[in-house]
Amino acid sequence: MKIAVLPGDGIGPEVTREALRVLDALDLGIEREEALVGGAAYHATGHPLPPATLALAEASDGVLFGAVGDPACDALERHLRPEQAILGLRKALTLFANLRPAKVFAGLESHSALRPEVAGAIDLLIVRELNGDVYFGEKGFRTTASGEREGWDMMSYNESEVRRIAHAGFRAAQGRSKRLCSVDKANVLETSQLWRDVVIEVAREYPDVALEHMYVDNAAMQLVKSPGQFDVVVTGNLFGDILSDLASMCVGSIGLLASASLGARQTAHGTFGLYEPIHGSAPDIAGKGLANPMATILSAAMLLRHSLGLADAADRIEAAVARTLADGVLGRDLGGSAGTTEIGDAVLARL
Ligand SMILES: NC(=O)C1=CN([C@@H]2O[C@H](COP(=O)(O)OP(=O)(O)OC[C@H]3O[C@@H](n4cnc5c(N)ncnc54)[C@H](O)[C@@H]3O)[C@@H](O)[C@H]2O)C=CC1
Ligand SMILES: CC(C)CC(=O)C(=O)O
Ligand SMILES: [Mg+2]
């Protein structure tokens, strides 16, 4: 079993370090190799996703990813920006299904941005499409006839892209409460109309799952009003990106939400995937020891479960994180004072 570790930029290396300490403590015999990615890779090699990094990821059983993003790179041509590394990995590795669970941990109800009785009901899974949509369409700048600058980005989905993520959504729903909410903007966008049509076609293969459709603006409102109504949500790349950050504050902090990005490839141990917190490189707190590493630690648990066939070890990590939070070890993001290493220590002590 071998994993690739790509810490990246900003708080990426800080939170990845804590997740690796947790994996080490479990002594699971996992070989690992680290590589540069994002701004760190650009500064060292001139490219945010060097061929050696991609090759390492491809040759591994799973990838643990920190975060990419560096304000010093914001003026670079787009293909050289750090964010292109994570987009490139998702695309090159055909990781089209991004699972983003959001559940309120016991004891954290009052740390949600919502009222505790509303927050307490949250236990949902966002299944976000990750290989298509406006993130991967043609884009550019042009000058209009009247001489104005104009930026444009092409949004599209084809039916096979929608079909495979719809299947992922329905299968996830079958494993949970058999309810699936498909989120789109079919009242305005043709991309979304196609999305809705295909989801309805795929639904015929899952008669045991109750399908509902919701427009994304309403979904954002409903997630704040009564998040407990949602179980599995399947949606496109852009909407899923936005709704999952929103869901993180319903749970309490973006520093708590983990993710698994999966495709179809099977290894000897499980489904190949990339695992990362849903947050970014947080330049505002990078290097200060303030980042909450729990999202990355929980991502490592998802790696063990989905890619390495080590569900018991994943359960242990998740239980240790839950106990740490229940014991009131909270970072600044949750109104506490524990730093990154202190939170890692607390999880280690509860493994
Ligand atoms: N998958 C990735 O690598 C992602 C990269 N990014 C990149 O990250 C950079 C910063 O983006 P932002 O929009 O600021 O989003 P962000 O998620 O990095 O930060 C948003 C806010 O949440 C806080 N935060 C994030 N993670 C935290 C943690 N673990 N503990 C405590 N507080 C945390 C930050 O301090 C900041 O105030 C940009 O370059 C962006 O493109 C953004 C999202 C995902
Ligand atoms: C950095 C972006 C490419 C993606 C993002 O915000 C995310 O995947 O959550
Ligand atoms: Mg995001």
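Here are questions and answers about two ligands in a predicted model.

Colleague: Which residues come nearest to ligand 1?
Modeller: Start with the shell around ligand 1, which has 19 residues. By class they divide into 9 nonpolar, 6 polar and 4 charged. The nearest of the 19 are Glu83, Gly280, Ala282, Asp284 and Asn292.

Colleague: How far is an oxygen atom of ligand 1 from a polar backbone atom of glycine 280?
Modeller: A polar contact is a pair of N or O atoms within 3.5 Å. Here the glycine 280 partner is a backbone atom, and the ligand 1 partner is an oxygen. The distance is 2.8 Å.

Colleague: Which residue offers a side-chain N or O atom 2.9 Å from a nitrogen atom of ligand 1?
Modeller: Take care with asparagine 292: a nitrogen atom of ligand 1 is 2.9 Å from it, but the partner is a polar backbone atom. The side-chain partner, also at 2.9 Å, belongs to glutamate 276.

Colleague: What percentage of the area of ligand 1 does the protein bury?
Modeller: Consider ligand 1 taken alone. It then exposes 800 Å². Of that, the protein buries 69%.

Colleague: How many charged residues are in the shell around ligand 2?
Modeller: List the shell: Glu83, Leu87, Arg90, Arg100, Arg128, Asp241 and Ile278. Asp, Glu, Lys and Arg count as charged. The shell has 2 nonpolar and no polar residues, and its charged residues number 5.

Colleague: Which helix gives the largest share of the shell around ligand 2?
Modeller: Look at where the shell residues sit in the sequence. The largest share is 3 residues, and they come from a helix spanning residues 83-92. That is helix α4.

Colleague: What share of the accessible area of ligand 2 does the protein cover?
Modeller: First, the contacts. Oxygen atoms of ligand 2 lie 3.0 Å from polar side-chain atoms of arginine 100, arginine 128 and aspartate 241. On its own, ligand 2 has 290 Å² of accessible area, and the protein covers 74%.

Colleague: Which residues of the UniProt "binding site" set are in the lining of the second largest pocket?
Modeller: The unreviewed UniProt entry lists Arg90, Arg100, Arg128 and Asp217. These are spread over 128 residues of sequence and up to 26.3 Å between C-alpha atoms. The second largest pocket is the space taken by ligand 2. From the set, its lining takes in Arg90, Arg100 and Arg128.

Colleague: Which strand holds arginine 128?
Modeller: Arginine 128 has a side-chain N or O atom 3.0 Å from an oxygen of ligand 2. Its strand runs over residues 123-129. That is strand β5.

Note on methods
Residues numbered from 1 in each chain as written. Chains lettered and ligands numbered in written order. Predicted model: local features only at pLDDT ≥ 70, side-chain atom pairs only at ≥ 80, totals over all residues. Heavy atoms only, no water. Near = heavy atom within 4 Å. Polar contact = N/O pair within 3.5 Å; in protein donor to acceptor, adjacent residues only side chain to side chain. Areas by Shrake-Rupley, 256 points an atom, 1.4 Å probe, with all protein chains shown as cover. 1 Å grid on protein atoms, 1.4 Å probe; cavity = no way out; pocket = protein on both sides within 12 Å on 5 of 7 lines; lining within 4 Å. Sits in = over half its atoms within 2 Å of the grid points. Helix = DSSP H or I, 4+ residues; strand = E, 2+ residues; numbered from the N terminus. UniProt positions renumbered as here; feature names shortened; annotations may be inferred.
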